[in-house]
Amino acid sequence: MLSRTTTPGPAVPSRRTFLVASAGAALALGLATPARAQARPQEKSPFGRYGSPSARLTERTLYVHPGGLGDHTTVQAAVSAASGAGHTLVVAPGTYRETVAVGVDRTEMTWIGASGDPRDVVVVYDHANGTPKPGGGTYGTTGSATTTVQADGFTARSITFANDFLRADHPEITGTQAVAVKVQGDRSAFVGCRFLGHQDTLYADSIALGTFARQYYRDCYVEGDVDFVFAPSTALANPRGYLVTHGRVSSEAPDAYYKLARPWVPGSDTTARPMLTVRDTRLAAGIDAVAPYTDMADAYPWQSQRFAEYRNTGPGAVVSVPENRPQLSDGEAESATREAYLGDWTPWKGC
């Protein structure tokens with residue numbers, strides 16, 4: 001979605017509903033990380049207030065600790081052990097260098113960063129689209145994801161999802177999409193999380209073309225440079241696409257260097273009509289206020305897609321060329337809310 005003007009390599013189409021909400025949300029390039037909270041007294045348990053293997057919160061709570069003080073030393077081992085629905089993983093501070101897949105059968109799973117600070121719990125790997133696979137071929141954009149979530153009802157709190165692939169270290173690789181997390185399940189919620197990478201950092205998708213997946217991101221931070229929130233690609237039948245509300249888009253790039261969005265119409269579904277609404281959000285000077293949208297293909301101009309704004313502020317939100325910045329009316333804005341987008345699901349009550 002948010003992108004510099006440089007065109008990346010081919011991407012994988014997706015169909016999703018995406019929502020970033022609350023005043024603490026951020027979509028940013030190079031935005032300074034908030035100051036670390038004042039040091040807390042040393043906890044007796046690395047799992048803080050969330051119990052321990054000898055004092056479980058519930059029988060379906062599993063503990064992950066890199067040094068062996070939990071049930072498992074890796075996140076993937078804990079996911080694999082959590083067969084069925086409704087498991088909670090409490091993850092102790094540490095850097096977990098691994099890829100993780102949450103399959104469709106691991107429904108209603110929750111991951112909790114034990115310290116409450118997402119910088120303390122980092123799940124990271126460095127696959128890129130063009131990284132060679134051991135058995136031949138390359139990983140592709142989807143396969144590059146450090147974490148892939150396909151199950152419905154997934155919640156993560158206070159965790160960093162990262163892909164630390166660096167283009168400069170691999171000049172031989174031309175497919176530089178490198179996903180931190182790919183989310184495909186319905187009713188997925190991320191609260192107080194960070195998503196770090198360069199290209200295609202956060203890949204919000206669904207499990208199939210005709211399946212619409214609701215995803216909610218609150219008090220989260222997303223960092224990257226090319227399409228770091230994956231370019232919108234909404235099925236024509238889907239009345240909801242991306243909604244960004246009460247967020248903040250910032251950048252250390254030169255003024256007017258970045259576009260707010262560009263539409264992705266995949267060859268597999270040329271009827272797609274990408275949808276993005278950005279409202280009540282501060283847009284910094286790095287966003288090109290004169291022409292905030294750009295095309296991915298001449299055949300599918302952004303003007304033919306479903307892009308709109310409402311009551312945004314900041315230098316990147318100045319409307320100097322009205323035809324380049326479609327605005328919602330007050331009446332239209334009444335249906336561009338998190339409640340309307342998420343329907344009968346209210347994740348903020350449990351988050």
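Colleague: Why is Tyr293 called buried?

Modeller: The relative accessible area of Tyr293 is 4%. Buried means under 20%, exposed over 50%, and partly exposed in between, with a 1.4 Å probe and protein chains only. Tyr293 is under the 20% cut-off and is therefore buried. This is a predicted model, in which local features need pLDDT of at least 70 and side-chain atom pairs count only at pLDDT 80 or more, while totals for chains, interfaces and linings use all residues. Residues are numbered from 1 along each chain as its sequence is written, and side-chain values use heavy atoms, with hydrogens and water left out.

Colleague: How many aromatic pairs does the structure hold?

Modeller: There are 13 aromatic pairs. Rings of Phe, Tyr and Trp (its six-membered ring) pair if their centres lie within 6.5 Å; planes under 30 degrees apart count as stacked, over 60 as edge-to-face and the rest as tilted.

Colleague: What makes the pair of Phe161 and Phe190 edge-to-face?

Modeller: The ring centres of Phe161 and Phe190 are 5.8 Å apart, so the rings pair, and their planes stand at 80 degrees, over the 60 needed for edge-to-face. Phe161 is in strand β12 (residues 160-163) and Phe190 in strand β14 (residues 188-191), so this pair ties together parts 29 residues apart in sequence. Strands (E, at least two residues) and helices (H or I, at least four) are DSSP runs, numbered from the N terminus. Phe161 and Phe190 are both buried.

Colleague: Why is the pair of Tyr293 and Trp302 called tilted?

Modeller: The ring centres of Tyr293 and Trp302 are 5.0 Å apart and the planes are at 35 degrees. That angle is neither under 30 nor over 60, so the pair is tilted. Trp302 has a relative accessible area of 7% and is buried.

Colleague: Which residues form one aromatic cluster?

Modeller: The cluster consists of Trp111, Phe154, Phe161, Phe190, Phe195 and Tyr217.

Colleague: Which residues have the most contacts inside the largest nonpolar core?

Modeller: They are Val75, Trp111, Phe161, Phe190 and Phe195, in a core of 59 residues. Such a core is a set of buried Ala, Val, Leu, Ile, Met, Phe, Trp, Tyr and Cys residues joined through side-chain atoms within 4.5 Å. Another core, of 8 residues, lies apart from it, with Met275, Ala308, Tyr310 and Leu328 among them. In soluble globular proteins, nonpolar side chains tend to be buried together. Of the 351 residues of this chain, 56% count as buried.

Colleague: What is Trp111 in contact with, leaving aside neighbours within four places in sequence?

Modeller: Contact means heavy atoms within 4.5 Å. The partners of Trp111 include Val75, Val79, Leu89, Phe154 and Phe161.

Colleague: How do you know that Arg97 lies over the face of Tyr125?

Modeller: The distance of Arg97 from the ring centre of Tyr125 is 5.6 Å. The rule asks for NZ of Lys or CZ of Arg within 6 Å of the ring centre and within 35 degrees of the ring normal.

Colleague: Why is there no bond between the sulfurs of Cys193 and Cys220?

Modeller: The sulfur of Cys193 has its closest cysteine sulfur in Cys220, 5.1 Å away, whereas a disulfide needs a pair of cysteine sulfur atoms within 2.5 Å, so the two are too far apart for a bond. The structure holds 0 disulfides. Cys193 is buried at 1% relative accessibility, and Cys220 is buried at 3%.

Colleague: What makes Asp164 and Arg97 a salt bridge?

Modeller: Their side chains meet at 3.0 Å, N to O. A salt bridge is a side-chain nitrogen of Lys or Arg within 4 Å of a carboxyl oxygen of Asp or Glu, so the pair qualifies. Asp164 is in the loop between β12 and β13 (181-183) and Arg97 in strand β6 (residues 94-97), 67 residues apart. Asp164, at 36% relative accessibility, is partly exposed, and Arg97, at 44%, is also partly exposed.

Colleague: Why is Asp225 called buried, and Arg167 partly exposed?

Modeller: The relative accessible area is 9% for Asp225 and 26% for Arg167. The first value is under 20% and the second falls between 20% and 50%, so the labels follow. The side chains of Arg167 and Asp225 meet in a salt bridge at 2.9 Å, N to O.

Colleague: How many salt bridges does the whole structure have?

Modeller: The search finds 17. One of them joins Asp280 and Arg279, with the closest N and O atoms 2.7 Å apart. Asp280 is buried at 16% relative accessible area, and Arg279 is buried at 9%. Arg97, Asp126 and Asp164 form one network through salt bridges that share partners.
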